[in-house]
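Trainee: Before we begin, could you take me through this structure step by step?
Mentor: Gladly; let us put it in view and then work from the chains to single residues.

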Amino acid sequence: MQKRINYSLLLAAVIVVFSSSTATAIKLDENRIGAISQNCSIIRERLRRIESAGAKSRVYLGTQYESVYSGLMSNFSLRLMRNGIAKQDIADQQAAFESERERFRNDFIGYSQELQTLISMDCRNEPEKFYQQLELTRTKREDIAKSINRLNEIIAKHRKSILDIRADLAGNADE
Amino acid sequence: MNNEEEKDKKPIHGGRNLIILGIGAITIAVITTSVSLYFYSKGDIYIDRSRPGYISEDEKHNDDDDRKENYSNEGTITEKSLDEYLKELDRVSERIEASQNDFGPDPLSDDNLMITSNDEN
């Protein structure tokens, strides 16, 4: 009896896994398939523009992050150290920012590769495959957006830490 | 023997051949360049990141955007020096904020790519 229950549970698990995997597979309705095939050249043209705009944003944001890391955080940490002030949170933020910056770079490379694959695909004759690749590219693009948010959060934390140091200094001066 | 002598006497138009060769080379170069430029302007121009003027004038960030913050790593830590640091940090943060939605989902949406089923229209 126990064995039978185990087999039933196993079968149920297989069915659940199978149904969830088929549910995630992209089902395109006829209209969308038709739209992809019909507008293929326009879609590719738009994707090329998106690629171009993304490359520009990547360079621009990369320059700004470099400015935050090298021009501000690193110099500030060094200045604190030279003044004999040890602030672990500032050091942690600096390390986290550099690590996240590396992730941003890699996320962009991953996204660019998927987008290039998408652009080179035959959307006219293989619209479903094209849409699957589009979904993958969207996920990669989302990774970049998340990375940008995390970098912003680190900058916000860093700003708060500076305000805390300032408040401490003001408090000491009053005493 | 006579034939060989006649062959030797045939005039060689070196100058004329050189001109024909030059004109031919220029013609071929003009045709191939025109064809290449046609295909380039049809598509590759959008992904050519090295072309001059890649960033059009109206898309260019202003000079302040290109400014790189460089906080001095020497000097004392005072309220004033911290205020200066915060000012520089806020300046670069503003520039980042202006571009933080550059990788939003809209450009790759079905609507923007014209992949919309008629039922939704």
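What follows is a set of questions and answers on this predicted model.

Trainee: What is the pattern of elements in chain A, read from the N terminus on?
Mentor: This is a predicted model, and in it chain A holds five helices and zero strands. Since there are no strands to place between them, the elements of chain A, taken from the N terminus on, run α-α-α-α-α.

Trainee: What pattern does chain B follow along its sequence?
Mentor: Chain B has zero strands, and its secondary structure comes to three helices. Read along the sequence, the pattern of chain B is therefore α-α-α.

Trainee: What share of the residues in chain B is buried?
Mentor: For chain A, which has 175 residues, buried residues make up 25%. Chain B has 121 residues, and the buried share there is 8%.

Trainee: How do the residues on the side of chain B that touches chain A divide?
Mentor: The contact takes 48 residues from chain A and 43 residues from chain B. On the chain B side, these residues divide into 18 nonpolar, 16 polar and nine charged.

Trainee: Which helix of chain B supplies at least two residues of the largest nonpolar core?
Mentor: The largest nonpolar core has 36 residues, and among those with the most contacts inside it are A:Ile36, A:Val68, A:Phe130 and A:Leu151. From chain A, helices H2 (30-38), H3 (40-82), H4 (88-120) and H5 (127-174) each supply at least two residues of this core. The helix of chain B that does so is H3 (79-99).

Trainee: Which residues does A:Leu151 contact, leaving aside its neighbours within four places in sequence?
Mentor: A:Leu151 is one of the residues with the most contacts inside the largest nonpolar core. Leaving aside neighbours within four places in sequence, its contacts are A:Tyr65, A:Phe97, A:Glu100, A:Arg101 and A:Phe104.

Trainee: How wide is the arc covered by the buried residues of H3(B)?
Mentor: An α-helix has 3.6 residues a turn, so residues three or four places apart point the same way. In H3(B), the buried residues are B:Tyr85, B:Glu88, B:Leu89, B:Val92 and B:Arg95. They lie on the same side of H3(B), because around the axis they cover an arc of only 115°.

Trainee: Which residues are exposed on the other side of H3(B)?
Mentor: The buried residues of H3(B), including B:Leu89 and B:Val92, are the ones to set aside here. On the other side of H3(B), the exposed residues are B:Lys80, B:Asp83, B:Lys87, B:Asp90, B:Glu94 and B:Glu97.

Trainee: Within what arc do the buried residues of H2(A) fall?
Mentor: The buried residues in H2(A) are A:Arg32, A:Ala35 and A:Ile36. They line one face of the helix, because, seen down the axis of H2(A), they fall within an arc of 95°.

Trainee: On which residue is the kink in H3(A) centred?
Mentor: H3(A) has 43 residues and should span 63 Å at 1.5 Å a residue, which agrees with the 60 Å between its end C-alpha atoms. There is nevertheless a kink of about 25° in H3(A), and the residue on which it is centred is A:Met73.

Trainee: Is A:Ile50 buried or exposed?
Mentor: A:Ile50 lies in helix H3 of chain A, and it touches B:Pro107 and B:Leu108 when residues up to four places away in sequence are not counted. A residue with 20 or more other C-beta atoms within 10 Å of its own counts as buried. Because A:Ile50 has 20 other C-beta atoms within 10 Å, it is buried.

Trainee: Is A:Gln113 buried or exposed?
Mentor: The place of A:Gln113 is in helix H4 of chain A. A residue counts as exposed at 12 or fewer such neighbours. Because A:Gln113 has 12 C-beta neighbours inside 10 Å, it is exposed.

Trainee: What is the phi of B:Met114?
Mentor: Most residues other than glycine have a negative phi. B:Met114 lies in the segment after H3 of chain B, and, with 14 other C-beta atoms within 10 Å, it is partly exposed. Although B:Met114 is not a glycine, it has a positive phi of about 60°.

Terms used. Residues numbered from 1 in each chain as written. Chains lettered and ligands numbered in written order. Predicted model: local features only at pLDDT ≥ 70, side-chain atom pairs only at ≥ 80, totals over all residues. Contact = placed C-beta atoms within 7 Å. Nonpolar A, V, L, I, M, F, W, Y, C, P; charged D, E, K, R; others polar. Core = buried A, V, L, I, M, F, W, Y, C linked by C-beta atoms within 7 Å. Helix = DSSP H or I, 4+ residues; strand = E, 2+ residues; numbered from the N terminus. Arc of directions from axis to C-beta. Expected span 1.5 Å × (residues − 1). Bend = angle between axes of the 7 residues up to and from the residue.
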